[in-house]
Amino acid sequence: MRNHNFAEKWPQLGVIRGTVYNQETGLTGMIDALFPYVAATFAAFYAQFWRVLAYPVTSGQRVFWLYLLSSMVFAYWVYVRRSKASGNSPRSLRSFATFLFPKEVWSHSSAWLDVRYFFFHQVLGKLLYVIVIAIILNGTFQWVTGGPNLVKATQTVPSPTWVSFVVSFGYMIVVIAIVDFVAYILHYLQHKVPILWEFHKVHHSAEVMHPLSNYREHPIDNIAYAVGTGAAFGAMMGLANNYFGYLPSMPEILGVPLILFLFNIAGYNLRHSHVWLRWPGRLSMIFPSPAHHHVHHSRHPDHLDKNFAFVFPMWDVLFRTYHMPESDKDVEFGLYGQQGESEYSSCWRLYYIPFRNIAAKQRAAPKSKDDNAPSNPKA
Ligand SMILES: [Zn+2]
């Protein structure tokens, strides 16, 4: 039998040497030594599972009950308008429920995959995401200030005055607008850079949408976004700290920055849903509407690579990627050119397909370059 002497094979792994595996205790000793780490990992996943179950009562989450309720109120308004326009259907709670949970959505496998993937990815992928964003935020903040870390800096807020209130309001608008601009650029790149598009495609592979479809995102897509927006946010906080001598706070409602609270309560959950809601006329250019994001998810050729913005549609208006039809008659969710049964059909496949596609493209690269085409075939 071969002698598995880990200590000699990988002397650089000091943790393994002696503590996890050693000649005297052998495999049993290794299992004993690893047990606390395995147990801690399980405990972290278990705690995360309960955190996910608590999303509907957590104000920082998009599916917080208040945001769901406000989306329902907006949906009711759309329902009333539609039934008035059609002139024949009598309104009732039952017919509103049918409007809210249509058969076309809930008889589709894509809808149920989003429910399963929500739990799968929020428990498995979210832990990684949270760690990455914390490191990036703190790292860029320290890099810009050259001083204390974020935890220490947030403890040195002066006593509030009307000046600090104005500062905090202005700080919120500037920081959220800049981070949103960086998010716009990142989202644009997620569509235009072939390797990033493979990961972002997972989000666009939903063929019907409901609020949990929002969470259909690949972990690499999450991390690419978190690194970019986290660095922008950390740097902005660092600059503000340098300028004011303390880190301003943002005005908040239920612990959520005011602008984001308003964004969430203005029908956020309809962005990923079948309920088409746009603000009248040019208001949709200023205020984010669910319809703005529906167009982004549509596979109609006129809608491809449009409406990348998250909070402020003005980025799309400024950079000519804004598109807002009067109605949703051409809006159909899914990937351009996707026909028949989707191959994005299970939780593991949503994780695995981007890697498979990238590997296949790498192999095929010398022969053909143009099947790397991003989402817009016209680009
Ligand atoms: Zn997108």
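What share of the contacts in the protein chain with a separation of 6 or more comes from residues 24 or more positions apart? In this predicted model, the figure is 69%. Keep that in mind as we walk through, since several of the contacts below link separate helices.

Let's start with the overall inventory. The protein chain has 15 helices and two strands. It runs to 379 residues, and 28% of them count as buried.

A good place to dig in is α15, which covers residues 347–364. This helix has 18 residues and stretches 27 Å from its first C-alpha to its last, close to the 26 Å you'd expect at 1.5 Å a residue. Even so, there is a kink of about 30° in α15 at Ile-353, shortly before the proline Pro-354. Both of those residues show up again when you ask what is tucked away: the buried residues of α15 are Leu-350, Ile-353 and Pro-354. And what do the buried residues of α15 pack against? Their partners are α6 (109–145), α9 (194–204) and α10 (219–244).

Those three partners are worth a look in their own right, beginning with α9 and α10. Their axes lie 8 Å apart, and the two helices pack at an angle of about 110°. Angles from 65 to 115 degrees count as roughly perpendicular, so α9 and α10 are roughly perpendicular to each other. The crossing of α9 and α10 is left-handed. If you want to find the contact on screen, go to Leu-196, Phe-199, His-200, Val-202 and His-203 on the α9 side, and to Ile-220, Asp-221 and Ala-224 on the α10 side.

Now swing over to α10 and its pairing with α6. Here the axes come within 7 Å and cross at roughly 30°. Under 35 degrees counts as roughly parallel, which is why α6 is described as roughly parallel to α10. The crossing of α6 and α10 is right-handed, whereas that of α9 and α10 is left-handed.

Next, pick out Ile-178, which sits in helix α8 (residues 162–192). Is Ile-178 buried or partly exposed? It has 15 C-beta neighbours inside 10 Å, so it counts as partly exposed. Leaving aside residues up to four places away in sequence, Ile-178 touches Ala-232 and Met-236. There is also Phe-233 to consider: Ile-178 and Phe-233 are 55 residues apart in sequence, yet their C-alpha atoms are 8.3 Å apart in space.

Finally, let's check a couple of loop residues for their backbone angles. Asp-305 is in the loop between α13 (290–297) and α14 (314–318). Its phi is near 55°, a positive value in a residue other than glycine. With 18 other C-beta atoms within 10 Å, Asp-305 is partly exposed.

Move on to the loop between α14 and α15 and you'll meet Arg-320. Arg-320 isn't a glycine either, but it has a positive phi of about 60°. How many other C-beta atoms lie within 10 Å of Arg-320? There are 8, so Arg-320 is exposed. Following the chain onward from that loop brings you back to α15, the helix with the kink at Ile-353.

Definitions and conventions. Residues are numbered from 1 along each chain as its sequence is written. This is a predicted model: local features need pLDDT of at least 70, side-chain atom pairs count only at pLDDT 80 or more; totals for chains, interfaces and linings use all residues. Helices (H or I, at least four residues) and strands (E, at least two) are DSSP runs, numbered from the N terminus. A residue is buried if 20 or more other C-beta atoms lie within 10 Å of its own, exposed if 12 or fewer, and partly exposed in between; C-beta atoms are placed from the backbone. Two residues are in contact if their C-beta atoms, placed from the backbone, lie within 7 Å. The expected span of a helix is 1.5 Å times one less than its number of residues. The bend at a residue is the angle between axes fitted to the seven residues ending there and the seven starting there. Axes are lines fitted to C-alpha atoms, for helices over the stretch in contact, and angles run from 0 to 180 degrees between N-to-C directions. Angles under 35 degrees count as roughly parallel, over 145 as roughly antiparallel, 65 to 115 as roughly perpendicular and the rest as oblique. A crossing is left-handed if the near helix is turned anticlockwise from the far one by less than a right angle, and right-handed if clockwise.
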